[in-house]
Amino acid sequence: MSDLLNKKCVPCEGGVLPFDISEIHKYQKKVDGWDVTSNEKKIFFLYKKFSFVNFSESQKFINEVGRISEGEGHHPDITFGWGYAEIKITTHSIEGLSENDFILAAKIDKIINV
């Protein structure tokens, strides 16, 4: 994970191919506990659910995720409420996963593992 933490997301405006399943699995080993799933269009994304003791802790976590996401210029889909937060990450412009998604996942994990 440390090599991902030292990288910065690179703006992606399309024109590159998303990772194939082999590359996805290679990168998945570098992040902790993120599932790889796909939607009805077969677009892959990273997914992870986080648990907290109350709403305030969930919101504090999400605010930090937002700060990191803005800094990276890469924005996840977030759902949160009392005691939980769910995060889905994909590179929308290429309809799949790229290194940026794994960089962001590693930086999100660092919030919890500090």
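## Lysine 7 and glutamate 99

In this predicted model, lysine 7 pairs up with glutamate 99 in a salt bridge, and their closest N and O atoms sit 2.7 Å apart. Lysine 7 is in the loop between α1 (2–5) and α2 (21–28), while glutamate 99 belongs to helix α4, so the pair ties together parts that are 92 residues apart in sequence.

How much of each partner can be reached from outside? Lysine 7 has a relative accessible area of 33%, so it counts as partly exposed. Glutamate 99 comes out as partly exposed too, at 22% relative accessibility. The cut-off for buried is under 20%, so glutamate 99, at 22%, doesn't qualify.

## Lysine 48 and aspartate 109

Helix α4 turns up again here. The side chain of aspartate 109 meets that of lysine 48 in a salt bridge, 2.8 Å from N to O. This pair also links distant parts of the chain: lysine 48 is in strand β2 (residues 44–51) and aspartate 109 is in helix α4, 61 residues apart. As for exposure, lysine 48 and aspartate 109 are both buried.

## Glutamate 72 and lysine 107

Next come glutamate 72 and lysine 107, whose side chains form a salt bridge at 2.7 Å, N to O. Glutamate 72 sits in helix α3 (residues 55–72) and lysine 107 in helix α4, so this pair ties together parts that are 35 residues apart in sequence. Glutamate 72 counts as buried because its relative accessibility is 11%. Lysine 107 is buried as well, with a relative accessible area of 14%.

Side chains of opposite charge can pair when their charged atoms come close. A search of the whole structure turns up 8 salt bridges, and the three pairs described here are among them.

## A closer look at lysine 107

Which backbone atom does the side chain of lysine 107 reach? That would be the backbone oxygen of lysine 7, at 2.7 Å. Lysine 7 is the residue that forms a salt bridge with glutamate 99, so if you're tracing contacts on screen, the lysine 107 side chain leads you to the backbone of lysine 7 and also to the side chain of glutamate 72.

What else does lysine 107 touch? Leaving aside residues up to four places away in sequence, its contacts are Leu4, Leu5, Lys7, Lys8, Ile68 and Glu72. Lysine 107 itself is found in helix α4, which covers residues 99–112.

Technical notes
Residues are numbered from 1 along each chain as its sequence is written. This is a predicted model: local features need pLDDT of at least 70, side-chain atom pairs count only at pLDDT 80 or more; totals for chains, interfaces and linings use all residues. Side-chain values use heavy atoms; hydrogens and water are left out. Helices (H or I, at least four residues) and strands (E, at least two) are DSSP runs, numbered from the N terminus. A polar contact is a pair of N or O atoms within 3.5 Å; within protein, one must be able to donate a hydrogen and the other to accept it, and residues adjacent in sequence count only if both atoms are side-chain atoms. Contact means heavy atoms within 4.5 Å. A salt bridge is a side-chain nitrogen of Lys or Arg within 4 Å of a carboxyl oxygen of Asp or Glu. Buried means under 20% relative accessible area, exposed over 50%, partly exposed in between (1.4 Å probe, protein chains only).
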